[in-house]
Amino acid sequence: QVLLVESGGGSVQAGGSLRLSCTVSGSTVERACMGWFRQAPGKEREKIATINGDGSYGRKNHVDFVEGRFTVAKDNAKNTLYLQINALKPEDTAVYYCASSIGYWCGDGDASYFTYWGQGTQVTVSS
């Protein structure tokens, strides 16, 4: 059974930073495409970024990831995926989810590409 558990969310003021973690069991982050997504109230789930089994990034990632405000990394030894968010904005308020696919490469993969999901961690940013 594959389990993903996110942690590190919370309430922060605009301009602050957070690092979210996603600890995986029953699978290996080194062998799977992994991703971070978020869902704000009343909005669809949105992709932040995906990372291939080899640590390279998938395609069609969020503009804030491309521009460097979001950083995604993984620690194979700890079997953990990370999302660093800097310069937080109120519009970043959402539930953040990590996900794992059964494939090694992410390609353009959107949410439908992923098989396993964590329960989510809430991030609330106040102005």
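I take two residues to be in contact when they have heavy atoms within 4.5 Å. The model I am reading is predicted.

**Overall fold**

I looked up the secondary structure and found one helix and 10 strands in the chain. I then read the order along the sequence and noted β-β-β-β-β-α-β-β-β-β-β. The radius of gyration is 13 Å, close to the 14 Å that the globule rule gives for 127 residues, so I record the chain as being as compact as a globular protein of that length. For the extents of the C-alpha trace along its principal axes I wrote down about 40 × 25 × 25 Å.

**Burial, contacts and charge**

I checked burial next: 46% of the 127 residues of the chain count as buried. The accessible surface comes to about 6300 Å². Carbon and sulfur atoms hold 49% of that surface. I also looked up contact range, taking contacts between residues at least 6 apart in sequence. Of these, 58% join residues at least 24 apart. For the charges, I noted 12 positive and 12 negative ones, with their mean positions 2 Å apart.

**T80**

I went to strand β7, which covers residues 80–85 and includes T80. Is T80 buried or exposed? Its relative accessibility is 6%, and the cut-off for buried is under 20%, so T80 counts as buried. I then asked which backbone oxygen lies 2.8 Å from a polar atom of the T80 side chain. That oxygen belongs to K78. Leaving out residues up to four places away in sequence, I listed what T80 touches: S21, C22 and T23, then V29, then A73, K74 and D75.

**L83**

I stayed in strand β7 and moved to L83. The relative accessible area of L83 is 0%, so I entered this residue as buried. Which residues does L83 contact once neighbours within four places in sequence are set aside? I found L18, R19 and L20, together with W36, I48, F70, T71, V72 and Y96. I picked I48 from that list for a distance check. I48 and L83 are 35 residues apart along the chain, and their C-alpha atoms are separated by 9.3 Å.

**Summary of strand β7**

I closed the entry with the two residues looked up in strand β7. T80 is buried at 6% relative accessibility, and L83 is buried at 0%. The T80 contacts include S21 and A73, while those of L83 include L20 and V72.

Notes: Residues numbered from 1 in each chain as written. Predicted model: local features only at pLDDT ≥ 70, side-chain atom pairs only at ≥ 80, totals over all residues. Heavy atoms only, no water. Helix = DSSP H or I, 4+ residues; strand = E, 2+ residues; numbered from the N terminus. Rg over C-alpha atoms; globule rule 2.2 N^0.38 Å. Buried < 20%, exposed > 50% of the residue type's maximum accessible area, 1.4 Å probe, protein only. Areas by Shrake-Rupley, 256 points an atom, 1.4 Å probe, with all protein chains shown as cover. Lys, Arg positive; Asp, Glu negative; His and termini not counted. Charge placed at Lys NZ, Arg CZ, Asp CG, Glu CD. Polar contact = N/O pair within 3.5 Å; in protein donor to acceptor, adjacent residues only side chain to side chain.
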